[in-house]
Amino acid sequence: MELCDVGPGADIYALAVSLFEMAVGKPLFTADSFMELMARRLRPVGPEDLEFLDAIYPELTPIVGRGLATDPAERWPDANSMATALRDLVP
């Protein structure tokens with residue numbers, strides 16, 4: 001993935017970040033400086049980044065995790081697919 005590649009996968013990633021932040025009430029990425037924050041953002045999101053979400057909403061973790069995949073091809077193919085997975089969580 002090149003930094004300049006922008007497409008639907010970027011929207012899915014942003015949606016997953018927003019969903020994480022709404023669910024846990026804190027940012028996914030934190031840092032002491034802008035440069036440190038950008039460097040952190042370039043690393044893949046790992047299970048340790050999702051531990052807090054997993055402790056609160058374990059059923060949401062795989063949905064958010066897929067949306068945060070480093071490779072856009074591994075993310076949800078579109079927002080509708082992600083929304084369907086979220087709807088399936090509701091009894």
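**Confidence first.** I started with pLDDT by element: H2 has the lowest mean in the protein chain, 83, and H4 the highest, 96. This is a predicted model, so I wanted the overall figure too. The mean pLDDT of the protein chain is 89, and 95% of its residues reach 70 or more.

**The core.** Next I looked up the largest nonpolar core, and 20 residues belong to it. Phe20, Leu28, Val45, Leu53, Val64, Leu68 and Met82 have the most contacts inside this core. Which helices supply at least two residues each? I found H1 (8–24), H4 (61–67) and H5 (79–87). H1 gives the largest share, eight residues.

I then picked out leucine 68 and listed its contacts, skipping residues up to four places away in sequence. Leucine 68 touches Tyr13, Ala16, Val17, Leu28, Val45, Leu50 and Arg75. Two of these, Leu28 and Val45, are also on the list of residues with the most contacts inside the core.

**Charges.** How many salt bridges does the structure have? The count comes to one. The partners are aspartate 49 and arginine 40, whose side chains meet at 2.6 Å, N to O. I checked whether this pair is buried or exposed, and both residues turn out to be buried.

Aspartate 49 deserved its own entry. I found this residue in the loop between H2 and H3. Its relative accessible area is 18%, and the cut-off for buried is under 20%, so aspartate 49 counts as buried. Leaving out residues up to four places away in sequence, aspartate 49 touches Phe20, Leu28, Arg40 and Pro44. Phe20 and Leu28 are both named among the core residues with the most contacts. I also took a C-alpha distance: aspartate 49 and phenylalanine 29 are 20 residues apart along the chain, and 8.5 Å separates their C-alpha atoms.

**Rings.** I searched for aromatic pairs and got zero. Charges over rings were another matter. Lysine 26 lies over the face of phenylalanine 52, 4.8 Å from the ring centre. Arginine 66 has its charged end over the ring of tryptophan 76, at 4.0 Å from the centre.

**Two glycines.** Where does glycine 9 sit? I placed glycine 9 in helix H1. Glycine 9 has a relative accessible area of 15%, so I logged it as buried. Not counting residues up to four places away in sequence, glycine 9 touches Pro72 and Arg75. Arg75 also appears among the contacts of leucine 68. From glycine 9 to alanine 73 the chain runs 64 residues, yet their C-alpha atoms are separated by 7.5 Å.

Glycine 46 is in the loop between helix H2 (34–42) and helix H3 (51–56). Its relative accessibility is 11%, so glycine 46 counts as buried.

**Threonine 61.** My last stop was in helix H4, where threonine 61 lies. Is threonine 61 buried or exposed? Threonine 61 comes out at a relative accessible area of 12%, so the entry reads buried. Apart from neighbours within four places in sequence, threonine 61 is in contact with Leu50, Leu53 and Asp54. Leu50 is on the contact list of leucine 68 as well. I closed with one more distance: the C-alpha atoms of glycine 46 and threonine 61 are 11 Å apart, with the two residues 15 apart along the chain.

Terms used
Residues are numbered from 1 along each chain as its sequence is written. This is a predicted model: local features need pLDDT of at least 70, side-chain atom pairs count only at pLDDT 80 or more; totals for chains, interfaces and linings use all residues. Side-chain values use heavy atoms; hydrogens and water are left out. Rings of Phe, Tyr and Trp (its six-membered ring) pair if their centres lie within 6.5 Å; planes under 30 degrees apart count as stacked, over 60 as edge-to-face and the rest as tilted. A charge sits over a ring if NZ of Lys or CZ of Arg is within 6 Å of the ring centre and within 35 degrees of the ring normal. A nonpolar core is a set of buried Ala, Val, Leu, Ile, Met, Phe, Trp, Tyr and Cys residues joined through side-chain atoms within 4.5 Å. Buried means under 20% relative accessible area, exposed over 50%, partly exposed in between (1.4 Å probe, protein chains only). Helices (H or I, at least four residues) and strands (E, at least two) are DSSP runs, numbered from the N terminus. Contact means heavy atoms within 4.5 Å. A salt bridge is a side-chain nitrogen of Lys or Arg within 4 Å of a carboxyl oxygen of Asp or Glu. pLDDT is the predictor's confidence in each residue, from 0 to 100.
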